[in-house]
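Me: I would like to go through a model with you, beginning with overall form and ending with backbone details. Could you take my questions in turn?

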Amino acid sequence: MQTTANAAQQALLPSPNPVQLLDPTGAEVEQHGTVRDYAMPDAGRLRQIWRQMVIGRRFDIQATALTKQGRLAVYPSSRGQEACQVGATMSIHPTDWMFPTYRESMALVTRGIDPIEVLSLLRGDSHCGYDPIATHTAAQCTPLSTQLVHAAGAAYGEKRRGRDSVALAFIGDGATSEGDFHEALNFAAVFEAPVIFFVQNNKYAISVPLSKQTKAPALAYKGIGYGIRAEQVDGNDPAAVLAVMDVALEHCRSGKGPFLIEAHTYRLDAHTNADDATRYRSADEVTAWLDRDPIARVEAWLKSRGELNDDIVAATHAEAESLASDLRDRMNTDPTVDPMSLFDNVFATPTPQLEQLRGMVQAELSAEAQA
Amino acid sequence: MTVTMSGALNAALRDSLEADDDVIVFGEDVGTLGGVFRITDGLAETFGEERCFDTPLAEAGIVGFAIGMCLTGFRPVVEMQFDAFAYPAFEQITSHVAKMRNRTSGRVGLPMVIRVPYAGGIGGVEHHCDSSEGYYAHTAGLKVVTPSDAADAYSLLREAIDDPDPVIFMEPKALYWSKQDVELPSQRPGFGEAVIRRTGSDVTLVTYGPSVPMALQAAEAAASEGWDVEVVDLRTIVPFDDETVVESVRRTGRCVVVSEAQGFAGVAGEVAARVSERCFHSLQAPVLRVSGLETPYPAPMLEKTYLPGVERVLDAIARLQWDDVPDLSHEPAAAVSRG
């Protein structure tokens, strides 16, 4: 009995060190001390993630620039976190659910959602520019961790419907301190809901470093207490992210319940344009992480294998540039929002009180138009 | 047949589960135990644990889980066990449940019901007797419903479950065991329709949920003193039935709003303001409120002092100054003779 119990506990343990398949130079590394075997993704998938990361980064830089031009109210950059956002997203199917936060713009672009719809929330023309049901993608969540419980419920709902669909839910390191994180893990585990909780540990919650966020040796260890299998991965290693996602998805799809991934990565930019990151971290620290660039890493591997050449690199960057310029153009027009739409979606059918207010605003607008 | 409010609520859940496979009931203790108030009694037995099940003890989790299940087409009915126990779910309710239709431009509706046994009068210990309807009514996007008898409990709960929007269903605990002669299924007026529980010509008592029976008692007592009192039961706080309330007060010219919740910044204040705005020229006296005190809900031994009762309602009616010019310079209650 003792042995069985130990085996069950051991099976939940994450690897003592983050899983890494490619080192920062792009050289393949032996898996040291990992609990499970992780297969190197094939070259085709690595080309795909490289390409999508190049596009994602260009999108991110463009969005940051749009903030400076006053086109976006705010933009939380995810530059440096490309392997996490792109890798996790491209691993799931269109019928799987995604539960993003406000920082997952790059993941949404990877999902195939029109970049201009991705930016609606931050531009301020709508709280969610895309159709969550049609895209199986929940509205970007601004409160921290609250969407994780929705992910558990949706995953359980899909399971009850007999459908083979998982939910991929993103959060950052700071959000693991919120109560809903713990309630979500517990619910998902108890109901064996097929959810992947993907924690992007980017080291800071605005200015608060991980050391002040938790005493846990790794965020992945938080899975064990809930009976959830967990893994930690080098979040700047695109190959490792794909490999760990494969294992997590297989785990979820085979009915074994939720999976927790802690991806160790770094937010190269400030929390948002409203934040001054120089107040809480050193330039040396940022530089050190620039050397662990996920795009350069997989690009080096692909080139060393003859899977990528300068022509393809140039063509892909041109494609990314064209996406950015297209986005710039489309964002240069002011969106028009009908003021009367204020009353449209409070309830399926407006209450008499809302109708009264609608009448008041309509009269105000008519008076303005006539003036 | 004689039906208790708790029996009517149980029947409404039963009939909804029967009528629609997507309806599911979950929460803490709702399965095997049948809920601490037995409102879900026998549902797990009849419909199986797939349709009525226990969850971990976590209110935010229960409500958030329900949101996720709505995304896959279910219609969850969740129980919060006690009013103040729902506060951990407040963020889920206000940030997501109330706003989901709006933040997704109408693409995601949340057809869920959050059942909240609320209010006092049962000798409950701390955190078991709050009147929390004001928090929910103050949040755009939530319908807030509170029945006062068994027939309405059945009818309004069925409608709440069928509603495409989230409904906070406030159940007055003190009335769970109140009995009524009624045939179920009962068909009553829908959301947004107040009903006149007692007609009268001198003053309108506007009230809801747990305070309705007390308001009716007060009206009877007032009759013996020659005051003909009308009692309006709101039934739904959101949507609010301005029409019935306004029509009644314009006819009687006097209005007292009766509610167990504290008066300051509450539903009673909202009703009083609306009546003042719309009935100003018909009013013979200011609109008064009789409500819970502005103190935390007290220990059971002080409950009677805290809760608005017949005497306070009668004092308020007296303060409406039947004859001559209203004189509101005095302090309420004791200073007024009702003779």
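The conversation below turns from chain A to the backbone of chain B.

Me: What kind of model is this, and how are things numbered?
Reply: This is a predicted model, in which local features need pLDDT of at least 70, side-chain atom pairs count only at pLDDT 80 or more, and totals for chains, interfaces and linings use all residues. Residues are numbered from 1 along each chain as its sequence is written, chains are lettered from A and ligands numbered from 1 in the order in which they are written, and side-chain values use heavy atoms, with hydrogens and water left out.

Me: How many helices and strands are there in chain A?
Reply: Chain A has 14 helices and 7 strands; these are DSSP runs, H or I of at least four residues for helices and E of at least two for strands, numbered from the N terminus.

Me: Which domains does the assignment give for chain A?
Reply: Domain 1 (1–337) and domain 2 (339–370), with bounds from an automatic or database domain assignment. The C-alpha centres of these two domains of chain A lie 40 Å apart.

Me: What is the radius of gyration of chain A?
Reply: It is 22 Å, in agreement with the value near 21 Å for a compact globule of 371 residues. The radius is taken over C-alpha atoms, and the globule rule is 2.2 Å times the number of residues to the power 0.38. Along the principal axes, the C-alpha atoms of chain A fill a box of roughly 80 × 55 × 40 Å.

Me: And how much of chain A is buried?
Reply: Of its 371 residues, 55% count as buried, meaning under 20% relative accessible area, with exposed being over 50% and partly exposed in between (1.4 Å probe, protein chains only).

Me: Turning to chain B, where are the cis peptide bonds?
Reply: One joins L184(B) and P185(B), with omega about 0 degrees; P185(B) is in the loop between β8 (179–181) and β9 (195–198). Another runs from V238(B) to P239(B), with omega near -5 degrees, and P239(B) sits in the loop between β12 (236–238) and α9 (242–252).

Me: Which phi value does A119(B) have, and is the residue buried or exposed?
Reply: Phi of A119(B) is near 70 degrees, positive in a residue other than glycine. A119(B) is buried, at 0% relative accessibility, in the loop between β5 (113–118) and α6 (133–137).

Me: What about A265(B)?
Reply: A265(B) also has a positive phi, about 60 degrees. A265(B) is exposed, with a relative accessible area of 74%, and lies in the loop between β13 (255–262) and α10 (267–279).

Me: Why single these out?
Reply: Because most residues other than glycine have a negative phi, and most peptide bonds are trans.
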